[in-house]
Amino acid sequence: MRKLLKGVGYLVASIVAVLIVVGVAFAQLSPELGGKPTKAQQAAYAESGHYVDGEFRNLVPTEVMTGGSTVKVFWQFLFSKTPNSEPPGPLPTHQLDSLSITRKTPDMVRVTWFGHSASLVEIAGKNILLDPMLSVKMGPLPLVTPKRYNDSLAITAEELPPIEAVLISHDHYDHLDYKTIVKLKDKVAHFYVPLGVGAHLLAWGVDPARVQELDWHDSIQLPGLTIVSTPARHFSGRGLGNRNSTSWSSWVLKTPTHRVFYSGDGGYGPHFQRIGQQYGPFDLALLECGQYDKNWAEIHMLPEQTVQAALDVQARVFLPVHWGAFTEAHHPWNESVKRATAEAARRHVPFTTPELGQPVVVGVGPLPQRRWWE
């Protein structure tokens, strides 16, 4: 009997391995994979100071895996169930329409979070989209990648009004979504992305004149608004063999009277304090809070580190993002916001926790803080 069970185990493992190989082979042929920088671009990236031997590097030494192995973690994700890993039903969502988004004044700062990290920042009278992953399914292999908790979002890509700029933090599937970009590409005036990420957009048919790659601390001047690419501590890659072939960023949005910060993905590090000193204080900071694990402790923050990052960047208020849409780690779906708000209350750090699609207007009225996730 023991030999039979052992044989069945080997058979199951072999079948899973074959399916993974077939799936990866399919993914490599999918347009979702994107493009890759030219050799001339790669040579130019070396001037950035954080591109060495064909890979982008962090400001401080960073290990993607701080425990276990990639295969083991992937296996656990597929076959090891975490209690309360998904909400019992759809999350509360405020439906938006393009008309409500067009009603703004030049001095208004309004932020709307759509789940995970996708957010709309209305500032200087402009619509700025952050990491607009607005699809229900993720990547080229939706059968094995996380599915969005809700079957619909507060607004679709097609319903959005004209967008002045899309800012991408890095090229992972949960932040740079092929299907969303294809739907948005003709209504976006500018795509500002980290070094190397432009190759994906060009492969998907985005007009090259609308795409601009920025290195850390490069800035863009728009009427009434400055956009700055700032450091993050993370990694990149959309397929086999292209790990860290593109860069990653956090982003600063500033007007003469207001400042907003978006952390992108990444582990805690000294860059937050430097950003706060150089570009802060910020009226609002959207900070990664979720999808953490001891096995990747240097590339994603614990919730308590999110609160420290809010203090470091000198945020008057922080909004936890990178949760509320997908399960990508072995912790309960709402654990991150519980821990972060508890730590923020303990340390007297102001925060806001809007429902999906619920606008937050900076400096106007009480902040959304209902504990809707409980």
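Let me begin with Leu-222, whose bridge partner in strand E10 is Leu-225, and I should say at once that we are looking at a predicted model. That pair belongs to the antiparallel pairing of E9 with E10, residues 225-230, where four bridges join the two strands.

If we step back from that pairing, we find an open sheet of six strands with mixed pairing, and its order runs E9-E10-E11-E12-E13-E14. Strand E9, residues 219-222, lies at one edge and strand E14, residues 318-321, at the other, since each of them pairs on one side only. From one strand to the next, the twist averages 15°.

Now, which helix packs on this sheet? That is helix H7, residues 271-279, which touches E10, strand E11 (250-254) and strand E12 (259-262), and whose direction makes about 15° with that of E11.

Let me turn to a pair of helices, H8, which covers residues 303-312, and H9, which covers residues 335-346; their axes are 8 Å apart, and they pack at an angle of about 45°. Angles between 35 and 65 degrees fall outside the parallel and perpendicular ranges, and H8 and H9 are therefore oblique to each other. The crossing in which H8 passes H9 is right-handed.

As for the residues involved, H8 brings Pro-303, Glu-304 and Val-307 to the contact, while H9 brings Ser-336, Arg-339, Ala-340, Glu-343 and Ala-344. Sorted by class, the contact of H8 with H9 comprises four nonpolar residues, three charged residues and one polar residue.

Definitions and conventions. Residues are numbered from 1 along each chain as its sequence is written. This is a predicted model: local features need pLDDT of at least 70, side-chain atom pairs count only at pLDDT 80 or more; totals for chains, interfaces and linings use all residues. Side-chain values use heavy atoms; hydrogens and water are left out. Two strands pair if DSSP finds at least two bridges between them. Axes are lines fitted to C-alpha atoms, for helices over the stretch in contact, and angles run from 0 to 180 degrees between N-to-C directions. Contact means heavy atoms within 4.5 Å. Angles under 35 degrees count as roughly parallel, over 145 as roughly antiparallel, 65 to 115 as roughly perpendicular and the rest as oblique. A crossing is left-handed if the near helix is turned anticlockwise from the far one by less than a right angle, and right-handed if clockwise. Ala, Val, Leu, Ile, Met, Phe, Trp, Tyr, Cys and Pro count as nonpolar, Asp, Glu, Lys and Arg as charged, and the others, Gly among them, as polar.
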